[in-house]
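Work through the exercises below with the sequence and the structure open. Each task is followed by a solution in steps.

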Amino acid sequence: LRIMAGKVKWVTDIEKSVLINNFEKRGWIQVAENEDWNFYWMSVQTIRNVFSVETGYRLSDDQIVNHFPNHYELTRKDLMVKNIKRYRKELEKEGSPLAEKDENGKYIYLDFVPVTFMLPADYNLFVEEFRKNPSSTWIMKPCGKAQGKGIFLINKLSQIKKWSRDSKTSSFVSQSSKEAYVISLYINNPLLIGGKKFDLRLYVLVSTYRPLRCYMYKLGFCRFCTVKYTPSTSELDNMFVHLTNVAIQKHGDDYNHIHGGKWTVSNLRLYLESTRGKEVTNKLFDEIHWIIVQSLKAVAPVMNNDKHCFECYGYDIIIDDKLKPWLIEVNASPSLTSSTANDRILKYNLINDTLNIAVPNGEIPDCKWNKSPPKEVLGNYEVLYDEEMAQSDGPDRDLRSRSGQSTGVKGNRARDSGKPVLTTWK
């Protein structure tokens, strides 16, 4: 990004390996330069300033930035859930088969986020739900924080008394005087490997929201806890059991600095194929792809689809012991700090491949181009969903994909080969 000479601090001659380690310590860092243009990776706060009405910045055609102006519609925990709930209701109103429910009133295809409430606004609704199953465990997270900060687990209403009615006035304490939290039903039956809980960190690049075009990065990884999992209430306060965030786990006594408590997604696939079978494993990853696409569709109508923007999201997915994936949260600034040698290679490639799609062939950026890069520049990315292509195949494509019929590269139904057909978002 080339922006306002004199308004920025220029950073030069930084090796990429050093860049990766220092990514999060600066609001933005120069990641590429030639004599014609400069490209900067900017923090979410810097993006707010760029698109703020007060600053009066106007980006020119050769300026590209790495966040959408209101990316928080997907990356704030409360807004993500709010937008997914709205999306489901809109599909219901339209009579879409995607919003079909079972006999218990649960969504068949769109049940991929745990039951969640906003506090303090939804306190009464939460209490009502809690009393249906008083033995349940819930997880509380501040809406605007990352790296596991401020997260805790509860299994008694008394543990969140500060969110309840004020005893003297019998009214809610002003919402502005308290930090907003989300409280979600805790996934207490996670899939365990070696007795330990883990989640998936997957990278998804969105080049445009209208039409939606997104790419899946093939080199994601699993993050493991350092202490074996137990649902015992005596361990509710032990974050080394429950939270997979590296920012937390690296302080544990059992943290391994060589592998960082991480597996590659390809290793997870191999493990699941050998223990559960290939067909079940493929179905799991298809469901994960489905979740990602539907979450992006949920926010697409409200996203400010600025032509200067692209975004690389960090998706956090947890798999339960029934091999059902759950969307936990989406990160606007997934960590690009490398904690291991493999991490360094992965994140170097991630940055490189992302820039090759955002600015094909290393040319001068042009925000007016059609954002359809040739296949040879995708690197480790693969097309996850292309709305223009999908629409050309008819409105029932999504449901056919979800119910297990392959849609192929251009969305055409695969020919019957006598074998079970797996879905694909390509």
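**Exercise 1: Helix 4 and its surroundings**

Task: State which elements are included in what covers the buried residues of helix 4, and list the residues of helix 4 that are buried.

Solution. The cover over the buried residues of helix 4 includes helix 3 (72–75), strand 3, strand 4, strand 6, helix 9 and strand 13. This is read from a predicted model. The buried residues of helix 4 are Lys77, Asp78, Leu79, Met80, Val81, Asn83, Ile84, Tyr87, Arg88 and Leu91. An α-helix has 3.6 residues a turn, so residues three or four places apart point the same way. Among the buried residues, Met80, Ile84, Tyr87 and Leu91 can be located on the helix with that spacing in mind.

Next, place helix 4 against the strands. Helix 4 lies across strand 3, strand 4 and strand 6 (181–185), and runs at about 130° to strand 3. Just after helix 4, Gly95 has a positive phi of about 75°.

**Exercise 2: Helix length**

Task: Check whether the end-to-end distances of helix 4 and helix 9 agree or disagree with the expected spans.

Solution. Take helix 4 to begin with. Its 17 residues, at 1.5 Å a residue, should span 24 Å. The end C-alpha atoms of helix 4 are 25 Å apart, so the two values agree. Repeat this for helix 9. Its 22 residues should span 32 Å at 1.5 Å a residue, and the end C-alpha atoms lie 33 Å apart, which agrees.

**Exercise 3: Packing of helix 4 on helix 9**

Task: Describe how helix 4 and helix 9 pack, giving the angle and the distance between their axes.

Solution. Two packed helices are described by the angle between their axes and the distance between the axes. For helix 4 (residues 77–93) and helix 9 (residues 278–299), the angle is about 90° and the axes are 8 Å apart. Helix 4 is therefore roughly perpendicular to helix 9, since angles of 65 to 115 degrees count as roughly perpendicular.

Then name the residues that make the contact. Helix 4 contributes Asn83, Ile84, Arg86 and Tyr87, and helix 9 contributes Gln294, Ser295, Lys297, Ala298 and Val299. By class, the residues of this contact are four nonpolar, three polar and two charged. Last, consider the cover on helix 9: 18 of its 22 residues are buried, and the helix is mostly covered.

**Exercise 4: The four-stranded sheet**

Task: Give the strand order of the open sheet of four strands and identify its edge strands.

Solution. The order is 3-6-4-5, and the pairing is antiparallel. The edge strands are strand 3 and strand 5 (152–154), each of which pairs on one side only. From one strand to the next, the twist averages 30°.

Now follow the pairing of strand 4 (residues 138–142). Three bridges join strand 4 to antiparallel strand 5. In these, Trp138 is partnered by Ile154 of strand 5, and Ile139 by Leu153 of strand 5. With strand 6, strand 4 pairs in the antiparallel sense over five bridges; there Pro142 has Tyr181 of strand 6 as its bridge partner.

Then look at the faces. In a regular strand the side chains alternate between the two faces of the sheet. In strand 4, Trp138, Met140 and Pro142 are on one side and Ile139 and Lys141 on the other, and all are buried. Five of the five residues of strand 4 are thus counted as buried. Helix 5 lies across strand 3, strand 4, strand 5 and strand 6, at about 140° to strand 3.

**Exercise 5: Backbone exceptions**

Task: Locate the cis peptide bonds at Pro120 and Pro211, and the residue with a positive phi although it is not a glycine.

Solution. Most residues other than glycine have a negative phi, and most peptide bonds are trans. Leu119 and Pro120 are joined by a cis peptide bond with omega about 10°. Pro120 sits in the loop between strand 3 (116–119) and helix 5 (123–132). A cis bond also joins Arg210 and Pro211, with omega about 0°; Pro211 is in the loop between strand 8 (196–209) and strand 9 (212–217).

Leu323 has a positive phi of about 60°. Its place is the loop between strand 12 (311–319) and strand 13 (325–331). Its relative accessible area is 8%, so Leu323 is buried, the cut-off being under 20%.

Notes
Residues numbered from 1 in each chain as written. Predicted model: local features only at pLDDT ≥ 70, side-chain atom pairs only at ≥ 80, totals over all residues. Heavy atoms only, no water. Axes fitted to C-alpha atoms, helices over the stretch in contact; angles between N-to-C directions. Helix = DSSP H or I, 4+ residues; strand = E, 2+ residues; numbered from the N terminus. Parallel < 35°, antiparallel > 145°, perpendicular 65-115°, else oblique. Contact = heavy atoms within 4.5 Å. Nonpolar A, V, L, I, M, F, W, Y, C, P; charged D, E, K, R; others polar. Buried < 20%, exposed > 50% of the residue type's maximum accessible area, 1.4 Å probe, protein only. Pairing = 2+ DSSP bridges. Expected span 1.5 Å × (residues − 1).
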